[in-house]
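Biologist: Please take me through one part of this model with care, namely the residues whose backbone or surroundings deserve a second look before I set anything up. I would like a single connected account rather than a list.

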Amino acid sequence: MNILSLDPAFARVNSDIWAVNQLFNGLVELDDSLQIISSIAKKWTISDDALKYTFSLKKNIYFHKHPLFGKDSTRSVTASDFEYSFKRLLDPKLASPGKWVLNNVDHFKAQNDSTFIIQLKQPFPAFLGLLTTKYCSVVPKEVIEHHGSGFRKNPIGTGPFKFKLWEENVKLVFRKNELYFEQDKNGKQLPYFEAVAITFLPDKQSEFLQFVQGNIDFLNYLDASYKDELLSTTGKLQPKYKDQVRIVTAPYLNIEYLGIYMDNNTEETKSILIRKALNYGFDRNKMIKYLRNGIGTPAENGFIPKGLEGHNEKIGFGYNPGKAQELISIFKETTGIENPEVTITTDANYLDICEYIQREVEKIGLKVNIDVVPSSTLRQSKATGKLDIFRASWVADYPDAENYLSLYYSKNFAPNGPNYTHFSNKTFDKWYEHALRETNDSLRNELYKKMDSLIMDKAPVVPLYYDEAIRFTHKNLRGLNANPVNMLHLKKVYKTTP
């Protein structure tokens with residue numbers, strides 16, 4: 001996948017997030033166990049009413065060198081930089097897709113150079129997690145004002161690597177940030193690598209061949225073009241690769257799904273009968289075994305993935321072709337449409353899954369057309385509501401089920417928020433707003449379950465599977481871990497002699 005922007009305010013898709021993560025820092029970050037740890041913030045306190053967050057910043061954290069900073073070519077980060085960065089994120093002229101992360105913020109200010117205060121409108125227990133998103137990275141005003149929208153390819157941050165070169169769709173190069181503030185447990189400055197090169201390849205098969213030849217260091221994805229070559233249907237490495245390849249896995253807070261646009265004009269997708277028939281009409285277990293080589297878990301229990309509080313084993317859709325056929329028959333009788341059909345739009349990476357759904361659902365009387373478009377077109381079209389049914393995924397920005405449920409809150413309609421289906425329900429919105437204020441964990445989790453149950457009942461979505469983070473690395477690459485949000489951390493990665 002190509003990278004669209006190196007500006008953290010536009011770090012919406014995984015490829016951009018990974019690149020931005022090497023260049024920028026925020027107040028806090030997630031470790032591999034989903035614990036919130038300090039980054040630029042040294043410590044923080046939360047007021048008794050859970051509304052005021054006070055962050056004390058570390059000293060001697062510097063921006064990457066740039067002539068705009070004057071004589072020293074750099075300067076230290078202050079609380080005013082966070083005030084500027086947050087104001088920029090909210091600026092309607094910027095139109096950042098990440099401004100929603102500050103929806104619950106009443107105001108913020110730099111109290112002095114080392115103290116940054118955020119005041120919420122109401123208690124929101126997941127707020128610290130929101131601040132770990134790359135949208136909340138600190139950026140320098142001087143460089144932003146100089147480059148304007150050109151900051152997307154002239155990024156200056158505080159991260160372990162600094163920007164060197166970007167030939168779009170060909171190659172991206174980062175160099176070690178000699179001013180980086182973090183050290184390893186032995187006191188050695190991070191990062192270990194002198195440089196990181198990101199190569200853009202035309203397809204997944206080319207990527208796999210480059211990996212096998214040793215020209216790239218890791219694969220982060222199990223693609224249909226090489227999955228059987230690399231893995232058995234039980235998820236084990238094929239014998240020919242056991243000596244040279246290592247698998248690193250972790251539960252992944254990502255759900256793959258089909259979204260159904262609720263503001264469309266087609267009788268089929270407007271009908272809850274068809275939407276539920278789609279959900280019942282294919283075997284997710286068989287799909288995982290044969291199309292994913294056992295990697296992932298069938299999404300038969302709602303939209304909230306396993307591993308998060310709020311996941312509900314009592315809801316969702318299992319394989320029930322008889323029920324699906326019955327629903328389609330009722331649709332035909334009540335509408336007079338004898339040959340109902342729908343169109344699923346996907347990119348090439350998920351064509352095999354969509355074709356599997358197509359074959360299975362057509363057995364029960366619903367014709368399925370598949371429209372294959374480039375990934376960039378799919379992203380743009382689903383954000384602007386041009387697709388009736390679209391293949392999508394949602395990776396948790398922070399480890400709280402609210403993150404998934406935000407996709408169905410009516411005030412988050414895309415393109416200004418993550419509600420790509422334009423689902424709108426007053427009861428859901430009321431529960432969602434209640435959950436945002438609820439500081440009792442058990443009560444909030446019960447609200448999450450009720451919301452997820454309502455989503456399954458209205459069926460604006462067809463959950464496919466809860467994903468698993470999987471990385472294939474050469475055995476001389478060390479320190480590259482998998483984690484539940486599939487964030488790429490390169491600051492502690494190094495190579496041993498083969």
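Modeller: In this predicted model, serine 73 counts as partly exposed because its relative accessible area is 24%, and the cut-off for buried is under 20%. Serine 73 sits in the loop between strand S4 (52–57) and helix H2 (79–90), and its phi is near 60°, a positive value in a residue other than glycine. That deserves a remark because most residues other than glycine have a negative phi.

Asparagine 486 also has a positive phi, near 55°, and lies in the loop between strand S17 (477–478) and strand S18 (494–495). Its surroundings are described by another class, however: asparagine 486 is buried, because its relative accessibility is 4%. A further positive phi, about 70°, belongs to asparagine 169, which is in the turn of the hairpin formed by S7 and S8, with 3 residues between the two strands. Strand S7 (residues 161–167) and strand S8 (residues 171–176) run antiparallel to each other and are paired over 6 bridges, and glutamate 167 stands opposite lysine 171 in S8.

The loop that follows, between S8 and strand S9 (195–199), holds proline 191, and here the peptide bond from leucine 190 to proline 191 is cis, with omega near 0°. Another cis peptide bond joins alanine 414 and proline 415, where omega is about 10°; proline 415 belongs to the loop between helix H13 (402–405) and helix H14 (426–437).

Turning to buried positions, asparagine 25 is found in the loop between helix H1 (14–23) and strand S1 (28–30), and it counts as buried because its relative accessibility is 3%. The side chain of asparagine 25 makes a polar contact with the side chain of serine 39, at 3.4 Å. Leaving aside residues up to four places away in sequence, asparagine 25 touches Ser39, Ile40, Lys134, Ser137, Val138, Thr158, Gly159, Tyr180 and Phe181. Ser137 appears again among the residues that line the second largest cavity, together with Pro8, Ala9, Ser85, Arg88, Leu89, Leu94, Tyr135 and Val139. That cavity encloses about 60 Å³, and its lining comprises 6 nonpolar, 2 polar and 1 charged residues.

Leucine 120 belongs to strand S6 (residues 115–120) and is buried as well, because its relative accessibility is 2%. With residues up to four places away in sequence again left out, leucine 120 is in contact with Ala50, Leu51, Tyr53, Asn104, Val105, Asp106 and Phe127. For a sense of scale across the model, leucine 120 and alanine 383 are separated by 263 residues in sequence and by 28 Å from C-alpha to C-alpha.

As for empty space, the structure holds 2 cavities of 30 Å³ or more, and the largest has a volume of about 70 Å³. Its lining is made up of Tyr221, Leu222, Asp223, Ala224, Lys227, Leu291, Arg292, Asn349, Tyr350, Asp352, Ile353 and Tyr465, which divide by class into 7 nonpolar, 1 polar and 4 charged residues.

Key:
Residues are numbered from 1 along each chain as its sequence is written. This is a predicted model: local features need pLDDT of at least 70, side-chain atom pairs count only at pLDDT 80 or more; totals for chains, interfaces and linings use all residues. Side-chain values use heavy atoms; hydrogens and water are left out. On a 1 Å grid over the protein atoms alone, a cavity is a set of points where a 1.4 Å probe fits but cannot get out, and a pocket is an open set with protein on both sides within 12 Å along at least five of seven lines; lining residues have an atom within 4 Å of a point. Grid points are joined across faces, edges and corners, and a volume is the space filled by probe spheres set on the points. Ala, Val, Leu, Ile, Met, Phe, Trp, Tyr, Cys and Pro count as nonpolar, Asp, Glu, Lys and Arg as charged, and the others, Gly among them, as polar. Two strands pair if DSSP finds at least two bridges between them. Helices (H or I, at least four residues) and strands (E, at least two) are DSSP runs, numbered from the N terminus. Buried means under 20% relative accessible area, exposed over 50%, partly exposed in between (1.4 Å probe, protein chains only). A polar contact is a pair of N or O atoms within 3.5 Å; within protein, one must be able to donate a hydrogen and the other to accept it, and residues adjacent in sequence count only if both atoms are side-chain atoms. Contact means heavy atoms within 4.5 Å.
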